[in-house]
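Please examine the sequence and the three-dimensional structure shown here. A short briefing on the fold follows them.

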Amino acid sequence: MAPRLGPLPLLLLPALTWAVVVATDPPPPNSRSCAATTDYASEREPLLSTEDVRLLVAVDHSTAFPGAVTTACGSGLAGTAHAIHCVGGYPVGGVILEPPLPPTRSVLFLHGLIDKPPLYLSLLSLLLRAANSTADPSPWRSTRLLVPFAPAYPRLFRDAAADQGVPAGPIHAWFDNSHTFPYIPVGALVGATPGEVAAALVATGVVEDRPGLATSTDRLAVLASAQAAGALDGTLPPVAEARTAVVGHSNGGGMAWHLAVQSGVAWAGVVAMSGHLPLTPLYERYPPLARAGRRPFSVASVAGANDTVVDPRVSEAAADVGRRLLGGDDAVTHVTLPGSDHMTYLLGDANTPTVVGLLERAFDGADD
Ligand SMILES: *[C@@H]1O[C@H](CO)[C@@H](O)[C@H](O)[C@H]1NC(C)=O
Ligand SMILES: *[C@@H]1O[C@H](CO)[C@@H](O)[C@H](O)[C@H]1NC(C)=O
């Protein structure tokens with residue numbers, strides 16, 4: 001049975017901004033979650049308590065955009081056979097979507113810049129439904145989805161322009177990438193070739209949020225090893241790091257790239273969607289700073305040809321630089337999805353089946 005992927009909005013970001021206005025707000029999560037993010041050392045303390053996660057997840061997002069589903073801790077994820085487990089504290093601080101069969105592999109999913117990370121659960125519901133309509137859906141019945149929520153920054157270093165679709169106020173981010181905001185609308189990060197784009201990034205002199213990147217890298221590597229040790233919440237069975245694929249979108253796509261080149265974890269595979277490669281100028285100047293050498297996994301880089309938030313040439317440049325860092329033409333594949341905007345391919349557009357195929361292929365390198 002084909003999933004019902006009806007017509008969906010072409011521009012999700014405005015829809016999300018709109019959702020911020022109309023969604024019923026829960027009581028604010030306790031203040032510790034924000035306070036903890038103002039100094040990096042204390043970010044190792046619990047990010048969100050289980051109660052914070054429960055309140056975030058319980059918001060009725062069904063009016064946010066067509067296809068969005070209502071979510072609640074302890075329930076099934078609508079349209080799927082996965083169950084929503086909410087686990088607060090370090091390192092999960094978010095949601096685990098537990099499959100109906102004992103997990104044999106997992107996806108570590110990294111959301112993009114957003115004020116309400118549970119909105120991404122609707123997109124994952126849609127992807128799981130799309131996966132269930134492929135020729136061989138059975139592996140997804142034993143695939144766990146780890147959905148940690150990024151730390152809530154009280155505010156970003158730099159405000160986004162009004163037309164960039166970034167919600168105002170506290171926002172969940174793996175690292176502060178607002179330094180690149182001014183360069184996006186004026187096209188300063190683009191060029192005719194990937195090499196030119198990399199050079200353009202260098203020319204901006206953007207200094208990226210290295211403490212934020214390092215903190216999230218530590219946390220996500222600890223999350224993978226906690227899962228491998230069966231220590232997620234005491235009841236969920238283990239899944240090895242080599243059977244865990246990292247999948248990230250936008251700010252999470254940048255984080256996925258960073259995990260590929262800096263975490264030292266032997267992931268099953270990495271899918272970096274509509275992001276850039278953090279610290280590209282640094283690697284251009286000092287290539288040895290990347291963990292050079294062949295990785296046992298491959299990276300799939302994804303861009304939307306009609307992306308107005310992250311220019312597709314920026315993501316293509318990430319693939320170009322990443323290929324050199326990871327050492328080998330076959331270490332990185334890049335796909336530009338025709339007609340897709342920043343996230344329409346996660347919303348059931350014509351390219352959603354391609355994305356599901358890339359997620360499936362991310363496990364090709366997994367040990368059996
Ligand atoms: C997956 O697809 C099968 C066959 O079409 C259907 O019977 C089943 O209900 C679907 N499972 C989920 C969780 O959607
Ligand atoms: C994508 O961009 C191309 C070229 O500008 C345009 O012709 C096409 O209509 C766009 N597609 C969508 C879905 O917006």
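The points below concern the overall make-up, the nonpolar core and one strand with its partners.

This is a predicted model, in which local features need pLDDT of at least 70 and side-chain atom pairs count only at pLDDT 80 or more, while totals for chains, interfaces and linings use all residues. Residues are numbered from 1 along each chain as its sequence is written, and chains are lettered from A and ligands numbered from 1 in the order in which they are written.

**Overall make-up**
- The chain contains 10 helices and 10 strands (DSSP runs of H or I, at least four residues, and of E, at least two, numbered from the N terminus).
- Of the 368 residues in the chain, 52% are buried (20 or more other C-beta atoms within 10 Å of the residue's own, with C-beta atoms placed from the backbone).

**Nonpolar core**
- The largest nonpolar core (buried Ala, Val, Leu, Ile, Met, Phe, Trp, Tyr and Cys residues joined through C-beta atoms within 7 Å) has 104 residues.
- Helix α4 (residues 119-132) gives the most to this core, with 10 residues.

**Strand β9 and its partners**
- Strand β9 (residues 299-304) is largely enclosed by the rest of the structure, because six of its six residues are buried.
- V299, S301 and A303 lie on one side of β9, and A300, V302 and G304 on the other.
- β9 runs parallel to strand β8 (residues 269-273), joined by four bridges, and parallel to strand β10 (residues 332-337), joined by six bridges (strands pair if DSSP finds at least two bridges between them).
- V302 in β9 stands opposite M273, and its bridge partner in β10 is V335.

How values were computed. Buried ≥ 20, exposed ≤ 12 C-beta atoms within 10 Å, placed from the backbone.
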